[in-house]
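Welcome to a short tour of one protein chain. We will walk through how some of its helices meet, how charged side chains pair up, and what a few individual residues are doing.

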Amino acid sequence: MLGFQPYETFQLLIESGGVDRTNTLLIAACDAYARRGKATAPEMEQFEALATRLFPIAGPQARAKGAAILGRAAVLSPVLENLVVENIGEDLNGFLTSAVELSEATMLEIIARYDVPAAATLAARPDLSNVVLAKLFQMNSRKVYRALASNTHIVPRGAYLSALARSAQMDHMVAESLAKRSDFDAALLAPAFFDLSDADRLKVIQAFAHRDTPVAPIKKTIELLTVANAELTLALMKLFSENRRPEVTKLLSQITGLDEVRCGQIAHDVTGASLFVILRAFGCSAYDGLKVLIHATSHDSERSRALADFATMFGNVTPDSMAYLMSAWRGEVNLLELAKPEYKPFTETSRRTPSLAPAHNPVVEQAIEALARIGIKRAS
């Protein structure tokens, strides 16, 4: 068998030798099979019979070593896979990562044990069947969901989309992984907005561009306050220019209904992303909104570029959509409604239709010129 000893010789050695000889035979047989390349069907059957005889009577160290060697074989049957999984010990995750193929039965057996590290390793594989995926998504494990969120071979749709979106609300690492994916609707990460990086917060806002949203519960409250829109922007300009952020926190708490901790985060967010949501939700134009953001943010050399991004978003994002985002922060909406066809973005980003160049954005230039006249450090 396998180019060295006949199968009958192995059987005789097993019967006449002790554990030491069995250990030697097991390692030699596994090494021979791994070196064989793609074994024929008869060879695989013979080796299965031999391996199932040797593994149970070999010592623990020999079983682990033999399984590790066997795990490097080009082709393993479900029976041989099971022997590797049962005996490889601490090297299991390495085997699950490097194995070219794994049978569905082996994957389901590992998941059934509720071995979280092993299941998380499986969740990162590119060859998961729907049956295996369904079982993985049923596991209540952050490690597993982090691996699933990073696995770009899994298409986030249907029940998988819902599960990932819910997990993102509870685990910032899942949210960060999903934010980096081009095939995931970043709008669904609204509840995790304050756990994301500066760039990813902008992605969430941009995901609301050119799309309709369901009516936000907070819209009625906003409508009652929009009559004082000019006074609101003037007050925010004054408070930010004088760095009175605790007072900004109180003001935001009064008009948004968000708790003071969240309003404190918004008031102290020097990127301006969360403040943009508030300003646009209350109907601020690009001209007035940028004047507030200039006082609230600190971009230094990157200021013009950042303001240009905000200027573009003022044009692409509606007040209703930002009101909906605010309601998501308050936990008042079911974001999965955004997956319905009527709420999908109705224009897609195109290389042929680039947005306004940041360096020549007239709205930004007008706002900066106006502020130069009234003074950057102090709002009039």
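Let us start where two helices touch: Y145, R146, A149 and S150 of helix 10 meet M173, V174, S177 and L178 of helix 12. Sorted by character, the residues of this contact are five nonpolar, two polar and one charged. Please keep in mind that you are looking at a predicted model.

How are such pairs of helices described? Two packed helices are characterised by the angle between their axes and by the distance between those axes. Here helix 10, which covers residues 142-150, and helix 12, which covers residues 172-179, pack at an angle of about 5°, and their axes are 8 Å apart. Angles under 35 degrees count as roughly parallel, and the two helices are therefore roughly parallel to each other.

**Just before helix 10**

S141 sits in the loop between helix 9 (130-137) and helix 10. Is S141 buried or exposed? With a relative accessible area of 10%, S141 is buried. A polar atom of the S141 side chain lies 3.3 Å from the backbone nitrogen of K143. Setting aside neighbours within four places in sequence, S141 is in contact with Y114 and V116.

That brings us to Y114, which belongs to the loop between helix 7 (104-112) and helix 8 (116-123). Y114 has a phi near 60°, a positive value in a residue other than glycine. At 43% relative accessibility, Y114 is partly exposed.

H210 also deserves a look at its backbone: its phi is positive, about 55°, although H210 is not a glycine. H210 is found in the loop between helix 13 and helix 14, and with a relative accessible area of 28% it is partly exposed.

**Salt bridges**

How many salt bridges does the count come to? The count comes to 16 salt bridges. Three of the pairs are set out here, with the N to O distance for each.

| Pair | Distance, N to O | Relative accessible area |
|---|---|---|
| R35 and D31 | 2.7 Å | R35 66%, D31 26% |
| R201 and D269 | 3.2 Å | R201 11%, D269 7% |
| D320 and K219 | 3.5 Å | D320 39%, K219 26% |

The pair R35 and D31 is a local one in sequence: both residues lie in helix 2 (residues 19-35), four residues apart, which is about one turn of the helix. R35 is exposed, whereas D31 is partly exposed.

R201 and D269, by contrast, link distant parts of the chain, being 68 residues apart. R201 lies in helix 13 (residues 198-206), while D269 is in the loop between helix 17 (260-267) and helix 18 (273-281). What about their surroundings? Buried means under 20% relative accessible area; R201, at 11%, is buried, and D269, at 7%, is buried too.

For the third pair, D320 belongs to helix 21 (residues 319-329) and K219 to helix 14 (residues 219-225), so this salt bridge ties together parts that are 101 residues apart in sequence. D320 is partly exposed, and K219 counts as partly exposed as well.

Salt bridges can also be joined up in this model. Which residues are linked in a network of salt bridges? K238, E242, R244 and E247 form such a network.

**A buried valine**

Our last stop is V292, which lies in helix 19 (residues 286-296). The relative accessible area of V292 is 0%, and V292 is buried. Which residues does V292 touch, not counting residues up to four places away in sequence? V292 touches T233, L236, M237, F240, L275 and L279.

The sequence and the fold also tell separate stories for V292 and L234: these residues are 58 residues apart in sequence, and in space their C-alpha atoms are 7.9 Å apart.

If you are exploring the structure yourself, two places to compare are V292, buried at 0% relative accessible area, and R35, exposed at 66%.

Conventions: Residues numbered from 1 in each chain as written. Predicted model: local features only at pLDDT ≥ 70, side-chain atom pairs only at ≥ 80, totals over all residues. Heavy atoms only, no water. Axes fitted to C-alpha atoms, helices over the stretch in contact; angles between N-to-C directions. Parallel < 35°, antiparallel > 145°, perpendicular 65-115°, else oblique. Contact = heavy atoms within 4.5 Å. Nonpolar A, V, L, I, M, F, W, Y, C, P; charged D, E, K, R; others polar. Salt bridge = Lys/Arg side-chain N within 4 Å of Asp/Glu carboxyl O. Buried < 20%, exposed > 50% of the residue type's maximum accessible area, 1.4 Å probe, protein only. Polar contact = N/O pair within 3.5 Å; in protein donor to acceptor, adjacent residues only side chain to side chain.
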